[in-house]
Amino acid sequence: MLGIFSVLWVGLGIWWGRRATSYDGFSVAGRNVGLALGTATAVATWITSNTTMLAPQFALQLGVWGALAYSTASFGLFAFAPMSGRIRRLMPHGYTAVEFVRRRYGPVTTVMFLVISLFYALTWLVSMSMAGGKLLHVLSGIPYPVGMSVVVLVCVLYTLFGGMYAVIGTDFIQSLIILVGLVVVATAVLYQIDIADVHARLQADRPMLLSIAFPAALMALFNNLLFGFGEIFHSNVWWSRAFAMREGVGPKAYALGGLLWLPVPIVAGFLGLAAPALGIGISQPDTVGPLVAATLLGYGGALLVFVVVFCSLASSIDSLLAATSDLIVNDMVEPCLAADVSDSSKRRWSMIAIVGLGFTAWVVALPNVGTLATVLFFAGPMVASCIWPIVGGLYWRRASPLAASSAMLLGNACGLTAYFTIGWFVASLVGAAVSGVVFVIGMKVSPGDFDFDSLASPKAEG
C-alpha cells in the first residue's frame, strides 16, 4: 500500500504539474481555483496527522473535553472565511502573508513575523514527519526511520514537480479518501464495541476523563481554540490558498471546509476514549488512534487506517512545502537579490526551497524525540501572538507597527514562559491574551493611519 500510494501521488504531481507553466501557476495555481477544489484543499490540509492522531491522544489524556477541544480548531476556518475574501480584494497580486505584514507594518515587524512563520512551518512539518514514521511502525513494524523517510520523500517529490496545482489536485482526491475512510473506520469500531461498556469502565477506572470540571482539559479547550486561530490567521498555507482561489470563492470554501472538518476530531477522539476500556497498553499516547483501530478491526482495519492517515499526512506536508517555499522565494531570496527575479529563477529557487525544507524536517524528525502534542504546541504561543496583529492589520487603519511588534514580542515571551512553567495546554491561551492587551495599548499609545488601497499594487516597499 505504501508503494502504491507513493507512485500514485508522484504520478499525479507530475501530471498536474504540466499546467504550472509560470511562477503564478506553480505558487498560486493561476489564481483560478473554484469552489469544489477550494473546499477540498481546505478540508484535506486541515485534516492532518494531528487531527487523526492527536485528537485520540487528547481524548486519552484529557477525556471528553480533549476530543471536543481539538474540534474547536474548525472555528479558525470559520473565522478565516470572511478574512480570505478581504485578503483577496486588498492584495489581488499578493503571494504571501509575510508580504502583507511587510507592506502593512514595515521591516521590524516583518522580521519577527517571518521568523515565527518559518519556525511554525518547520514544527508542523516535523510533527507530521514523525507521525508518518510512528504510524507505519505501529501498524506494520516498519522501522520508524524508514517509514518517516518514505513519507517525506514522496511529498517532496510530487510537490517539486507540480507546485500548487499538484497540491490542490491531490488534496481533492485525498479529502474524499479521508472522509470516506473515517466514516468506515468509525462505523466498524462502533460495531465492535459497546459504548455503554466504555462509559462504565471509564467511570470506574478513570472518572476524571468524563468529568466536566477537569481543569487541564478545560484549559486545553480554550488553548486549542486560540491555537487554531493563530495557526490559520498567520500561516501562509491558508493565505496562499486565499490568493489562489477566484475572487468570491474563498469565504464559501473555508466555511464549507470548517463544517466538513468539525466532526472529524470527535470521531477520531472516540478511539482514544475506548483504549482504557479495552485494556490496550499504550506506550506512546500519540499512537493510540491507529493502535485501537488496528486492534479492533484486524489486518483490514490496519490497512484502512494507514490509507486515511497517510492521505492526511500527504495533504498537509505538500501544502506546507509549497506555501513555505513561497515565503522563502518572495520574502527572503527576492529582497536579498535586490532586483526583479525572472519566472524561471523563482521556479528554480522554489524547488531548492522545497528540497531544503524536506531535508531539514527529516533531520529534525529522525531522533523521534517527544510526542506530537509537545512538538507542535511549542509553536502555540508564537502563532497565537500573531492573531491580533493580523486581524488589526486587515481591518483597522489605526493598527501601527509598534502595536504589532510589541504584541508579538510580549505575547511570545509570556506564552513560552507558560509552556515551560505550566504546560503546553495553556501556552497559546497566555500568548493570545497578552498579545491582545498589548496590541490595544500599542494602538492607543502610537496610532497608525494606513491607506488600505496601497496594498492593491503588484509591488511596494515596506
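Reader: Why is C336 called exposed?
Author: This is a predicted model, and in it C336 has a relative accessible area of 67%. Exposed means over 50%, so C336 earns the label with its 67%.

Reader: And what makes C311 buried?
Author: The cut-off for buried is under 20% relative accessible area. C311 comes out at 0%, so it counts as buried.

Reader: How do you know that C311 is in no disulfide?
Author: For starters, the structure holds zero disulfides. As for C311, the nearest cysteine sulfur is that of C155, 10 Å away. A disulfide needs the two sulfur atoms within 2.5 Å, so C311 and C155 don't make one. It's a covalent bond we'd be looking for, after all.

Reader: Why is L366 called partly exposed, rather than buried or exposed?
Author: Its relative accessible area is 32%. Buried stops under 20% and exposed starts over 50%, so L366 lands in between.

Reader: Where does L366 sit, and which residues does it touch?
Author: L366 is in the loop between α16 (343-365) and α17 (372-376). Leaving aside residues up to four places away in sequence, L366 touches Y144, P145 and M148. As for L409, it is 43 residues from L366 along the chain, and their C-alpha atoms are separated by 31 Å.

Reader: On to cavities. How many of 30 Å³ or more are there, and what is the volume of the second largest?
Author: There are two cavities of 30 Å³ or more, and the second largest has a volume of about 50 Å³. Elements giving two or more residues to its lining are α8 (107-140), α12 (236-244) and α15 (288-337). The most comes from α15, with four residues.

Reader: What makes you say that this lining has no charged residues?
Author: Charged covers Asp, Glu, Lys and Arg. The lining residues are S117, Y120, A121, H234, S235, N236, V237, L320, A323, T324 and L327. None of those four types appears there, so the class count is six nonpolar, five polar and no charged.

Reader: Which residues touch the most other members of the largest nonpolar core?
Author: That core has 165 residues, and W9, F80, F233, W238, W239 and I390 touch the most other members. The element giving the most to this core is α15, with 24 residues. In soluble globular proteins, nonpolar side chains tend to be buried together.

Reader: What does W9 touch?
Author: Not counting residues up to four places away in sequence, W9 touches V154, Y158, T170, I173, Q174, I177, F310, C311 and A314. C311 in that list is the buried cysteine from earlier, at 0%.

Key:
Residues are numbered from 1 along each chain as its sequence is written. This is a predicted model: local features need pLDDT of at least 70, side-chain atom pairs count only at pLDDT 80 or more; totals for chains, interfaces and linings use all residues. Side-chain values use heavy atoms; hydrogens and water are left out. Buried means under 20% relative accessible area, exposed over 50%, partly exposed in between (1.4 Å probe, protein chains only). On a 1 Å grid over the protein atoms alone, a cavity is a set of points where a 1.4 Å probe fits but cannot get out, and a pocket is an open set with protein on both sides within 12 Å along at least five of seven lines; lining residues have an atom within 4 Å of a point. Grid points are joined across faces, edges and corners, and a volume is the space filled by probe spheres set on the points. Contact means heavy atoms within 4.5 Å. A nonpolar core is a set of buried Ala, Val, Leu, Ile, Met, Phe, Trp, Tyr and Cys residues joined through side-chain atoms within 4.5 Å.
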